[in-house]
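Student: I'm new to this one and would like a close look at a single part of it. Could you start there and then show me around a little?

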Amino acid sequence: MNPYLPHTPGDIRSMLDAIGVSDVDALFSDIPAHVQSRNRPLGLSARDDLAVHRHLTTLAERSTGRGLIPFLGGGLYDHFIPSVVGHILSRSEFFTAYTPYQPEVSQGTLTWMFEYQTMICELTGMEVANASMYDGATALAEAVLMAHRATGGKVVLVPCSLHPRLREVLSTYAWGAGLALHDVPYTEAGRLALDGVPDGTCALIVQQPNALGVLENLAGMKERLGKAFLIASASPIPLAVIEPPGFFGADVVVGEGQPLGNPLSFGGPLLGFFATRMEHLRRMPGRVSGQTQDADGKTGYVMTFQTREQHIRREGATSNICTNSALCALAATVYLAALGPDGLRRVALLSYERAHDLASRIAAIPGYSLPFRGPFFHEFVVRCADPERAVRKLRQAGIAVLPPSFLHPLGVHDGFIVAVTEKRTPEELDRFVVALEGK
Amino acid sequence: MSTIYDHGAPGRQAVALPQLGKVEQGLLGAIPADLRRRDGPRLPEVSQPELVRHYTALSRMNYGVDTGFYPLGSCTMKHNPKLHEDLARLPGFADLHPLLPPEACQGALALLWETAEHLKGITGMPGITLQPAAGAHGELTGMFLIKRWLEDRGELGRRTKILLPDSAHGTNPASAAMVGFTVVSIPSDRRGMVNLDALRGALGSDVAGIMLTVPNTLGIFEEDIVTITDLVHDAGGLCYFDGANLNAYLGRARPGDMGADVFHINLHKTFSTPHGGGGPGAGPVTVSEVLVPYLPVPEIARKGETYHLDWDRPKSIGRVHPYFGNVLVIVKALAYILSLGDEGMRAVSGGAVLAANYLKAKLKGAYKLPYDQLAKHEFVLSGEGMGNGVRTLDVAKRLIDYGFHPPTIYFPLIVKEALMIEPTETEPRETLDTFAEALLSIAAEAREHPELLREAPHETPVRRLDEARAVREPRLKLDF
Amino acid sequence: MIPKELKYTKDHEWVRLEGDKARVGITDHAQKQLGDIVFVELPPAGKVVQQRDLVASVESVKAVGEVGAPLSGEVLEANAALSGSPDLVNKDPHGQGWLFTMRISTPTEASALLDAAAYEAFVASGG
């Protein structure tokens with residue numbers, strides 16, 4: 001008997017009798033017979049738990065990339081995840097619950113959502129955050145749709161240094177909504193070169209740091225935009241020590257929250273964070289938890305400002321989003337609480353320090369250089385004559401970096417990009433340098 | 001209700017990290033002054049025992065499928081198999097970076113390919129994308145696909161309307177609106193099904209398509225489903241099926257055989273993956289032949305025993321997800337499909353429909369049943385006329401006192417005081433009996449002791465909360 | 001509570017006619033249907049509207065009531081008190097809970113509005 005299906009033949013008989021039908025198939029008489037007769041089974045027989053475990057384990061072990069030392073970034077980073085995160089996530093009262101529509105039996109979820117919103121506002125320097133989006137790319141796309149609704153503009157200024165995957169998802173959403181993307185080039189330093197702001201602009205996007213790893217200076221940008229939105233797509237770990245976009249007047253700050261306590265997961269599930277200003281609250285997509293009181297005056301939390309959402313406002317909603325990335329947001333909450341301000345600062349600075357250490361050692365190797373003068377954080381581009389060969393040399397030493405083709409859409413054809421987190425040891429940095437120095 | 005910020009003391013932390021290197025103090029100074037953060041983020045400072053106790057305490061104020069019966073209509077809150085959680089944590093999936101070249105991720109690509117083939121077979125449709133991260137994301141992807149199809153045929157400016165039954169989920173109109181379609185509502189008939197005359201009247205050369213939920217949100221199968229899809233196709237439109245209710249006919253019928261052109265599958269409903277308190281889920285989309293050229297890139301393709309990414313789809317809508325979709329959710333769905341096999345999948349829909357009709361039979365004397373049809377996996381009662389001013393909300397809150405999670409309430413909108421009950425196939429008969437007894441007892445209480453309902457719940461960490469206050473005096477984060 | 005001196009629409013709005021001007025709100029019946037009003041969105045002064053254009057919305061926690069212009073014309077003033085106290089619509093729907101005033105451009109439209117008796121009958125019929 002299947003372990004997930006508890007009805008015995010006796011149960012089924014008595015239930016059928018209570019309903020007044022002869023057999024289970026009779027309960028499907030409303031599905032046209034010719035539709036049912038066209039059904040084709042997959043040819044799968046049921047497997048026992050051991051066989052299922054074996055099949056999935058075999059697949060998992062076939063991915064050789066897992067065994068390499070990762071100097072991989074591009075928006076997703078291999079940071080240390082404290083054990084406490086996984087243990088709290090595996091409390092099934094959290095992960096087997098639905099969206100907290102019944103607040104009296106959902107105070108656990110609603111309380112951590114409130115904590116998460118607080119922490120995201122603290123990281124980004126913003127006033128209000130939603131309880132999560134699918135990922136950093138769709139969060140950015142939704143921010144642009146929100147800017148369009150708020151300003152009426154149909155032009156989006158998009159840096160040429162924006163992460164190519166963010167741009168691809170954004171361009172699908174923008175096409176769907178009838179918006180035009182205008183490229184904004186970058187300087188020789190690798191920083192945004194904003195020339196002018198055309199009429200009808202609804203938003204300028206700035207990525208911090210950008211896909212070349214270079215940190216942008218946001219000072220004065222909002223002032224040049226008029227009523228158009230300044231939307232920042234920010235990497236969360238650097239925000240521990242870098243002035244957050246909210247301090248420069250950003251209207252929306254979004255980003256990929258995976259580095260906060262979530263595994264790489266082959267790219268999903270991820271965590272989109274989304275923060276804005278109170279003046280834009282009613283245009284914000286996504287769920288939000290708010291503090292209030294119960295009938296006895298006791299503090300509690302509810303999902304609030306729900307008239308923005310699809311289940312009430314339908315085609316007038318601020319977004320169609322319903323299910324989001326709640327459990328990943330819980331991971332981020334526990335991660336930030338576990339590290340605290342000092343721990344997060346330390347993760348950021350360790351990553352910064354080791355990245356800069358490695359960068360300067362690579363730049364000292366003949367034939368290798370750092371093409372962008374702009375300041376970077378924990379990821380940087382290396383220029384060399386034959387990047388494919390360099391990546392192969394690293395691979396032979398058991399080291400993984402992103403394929404050089406990652407940089408092609410960014411206009412870089414003579415380099416590759418390296419990311420360093422606090423997990424990379426001094427020995428691994430040595431190994432990296434030795435591999436590049438070798439033939 | 002304390003938050004994590006109410007615990008701890010300055011200097012505490014819950015994890016030991018490596019020391020900074022040579023420039024411990026000076027390093028922050030290495031960051032250019034114009035970028036350096038002046039005031040650090042205010043985060044909790046707690047030791048590990050405080051951290052664990054706080055979140056354990058929070059978890060105990062939650063109700064999950066593992067806590068008890070969760071008959072939330074339209075949400076398919078079935079048991080979440082424990083084996084799957086272990087499988088999703090395997091390092092070969094969980095620790096794999098998605099930008100590695102395909103040769104380094106063959107196992108993960110095989111997982112995706114294999115799941116995709118099964119989902120195509122289950123839905124009877126020839127094309128698929130696994131990218132959508134949730135059901136609504138799948139709907140949006142479907143709307144993008146229909147828009148691209150119209151664009152390709154030169155009909156974009158002309159076909160601007162999407163038809164929707166008045167019983168539709170709110171995500172449907174919201175998804176259509178995000179792509180610029182105008183939504184036209186089609187009324188239901190007395191049986192709770194699409195009114196065919198109204199449909200015929202609405203169809204025309206300005207219609208891009210229809211979005212249908214099958215069975216619909218009353219839990220009723222559209223007996224005229226093939227007539228409906230034929231009518232829409234004859235009028236030059238396409239048919240989107242919202243797959244939230246696939247659990248009702250899994251392994252017995254296929255949307256592709258009913259005339260669907262786009263179908264989204266909520267893996268976190270039918271395929272048993274946990275809801276996570278509101279995600280992550282996954283919303284793969286299968287399509288008919290006509291929409292295959294427009295699917296998102298890249299396609300995961302197989303040549304012999306080797307998997308690669310195929311970008312050769314010039315008419316594609318592009319990406320809807322930065323990588324491959326919610327892979328760890330897909331791991332669990334594949335494990336579920338394999339453990340069930342064909343017979344198991346039939347048994348799932350059989351058990352789900354059996355449980356729903358069983359509960360309906362037990363309850364229909366005590367509660368109004370506005371549409372007394374054969375139910376599929378769920379059915380809708382009404383709390384109207386309970387007496388003493390008792391409303392559905394009161395019934396729902398009183399159920400909490402009996403130890404159950406309430407059903408979905410006030411949806412679908414076409415039933416006044418709706419109570420939408422979806423038991424799923426994973427509940428033992430005894431649980432269904434206890435639940436039915438609770439609802440019968442509450443119906444009696446509504447007549448004799450209505451205050452018990454109006455003041456419910458009684459034993460929860462908080463009582464009914466003032467939602468108006470939450471909007472009038474917004475507190476959406478801590479004020480420091 | 002259906003004041004005799006006001007005119008009404010079948011969308012449950014009231015209109016107080018004052019020469020070529022009109023004051024507009026939602027009826028007591030409408031506010032009861034919505035429940036606790038928590039937010040009111042009003043049109044800017046100077047907005048030119050056609051009869052039945054959606055110009056305002058009145059929100060409770062779980063519902064949104066869209067308010068159409070009962071007459072064509074130009075919005076003169078929105079009730080600023082509602083931004084801080086949206087519950088005035090609950091407490092005094094026909095008085096302090098008014099939504100906006102407007103200058104009427106097509107006076108003939110006003111003659112088609114319902115009087116109190118007709119509105120009362122409309123509500124009683126389940127409208």
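Student: Where is the place of Pro269(A) in chain A?

Tutor: Let's start right there, keeping in mind that this is a predicted model. Pro269(A) sits in a loop of chain A, the one between strand 7 (252–256) and strand 8 (272–276). What joins Pro269(A) to Gly268(A) is a cis peptide bond, with omega at about 5 degrees.

While we're in chain A, have a look at Pro209(A) too. A cis peptide bond links Gln208(A) to Pro209(A), and here omega is about -15 degrees. To find Pro209(A), go to the loop between strand 5 (201–208) and helix 9 (221–225) of chain A.

Now hop over to chain B, where the backbone has some points of its own to show you. Take Ser272(B): phi is positive there, about 70 degrees, even though the residue isn't a glycine. You'll spot Ser272(B) in the loop between strand 6 (262–264) and strand 7 (285–287) of chain B. Ser272(B) counts as buried because 26 other C-beta atoms lie within 10 Å, and the cut-off for that is 20 or more.

Thr424(B) is another residue to click on. Its phi is positive as well, about 65 degrees, and Thr424(B) is not a glycine. The loop that holds Thr424(B) runs between strand 12 (418–421) and helix 13 (429–448) of chain B. Thr424(B) is buried too, with 27 other C-beta atoms within 10 Å.

Staying in chain B, let's turn to a helix. Helix 2 of chain B covers residues 48–59, which makes 12 residues. From first C-alpha to last, helix 2 of chain B reaches 16 Å, close to the 16 Å expected at 1.5 Å a residue. Its buried residues are Leu51(B), His54(B), Tyr55(B), Leu58(B) and Ser59(B). These residues share the same side of helix 2 of chain B, because they cover an arc of only 135 degrees around the axis. And what do they pack against? The buried residues of helix 2 of chain B meet chain A, namely helix 4 (83–89), helix 5 (92–95), helix 6 (107–124) and helix 11 (326–363). That brings us back to the chain where we began.

One last stop is where chain C comes in. Here 4 residues of chain C are in contact with 4 residues of chain A. On the chain C side of that contact, 2 residues are nonpolar, 2 are charged and none are polar.

Notes:
Residues are numbered from 1 along each chain as its sequence is written. Chains are lettered from A and ligands numbered from 1 in the order in which they are written. This is a predicted model: local features need pLDDT of at least 70, side-chain atom pairs count only at pLDDT 80 or more; totals for chains, interfaces and linings use all residues. Helices (H or I, at least four residues) and strands (E, at least two) are DSSP runs, numbered from the N terminus. The expected span of a helix is 1.5 Å times one less than its number of residues. A residue is buried if 20 or more other C-beta atoms lie within 10 Å of its own, exposed if 12 or fewer, and partly exposed in between; C-beta atoms are placed from the backbone. The arc is that of the directions from the helix axis to the C-beta atoms. Two residues are in contact if their C-beta atoms, placed from the backbone, lie within 7 Å. Ala, Val, Leu, Ile, Met, Phe, Trp, Tyr, Cys and Pro count as nonpolar, Asp, Glu, Lys and Arg as charged, and the others, Gly among them, as polar.
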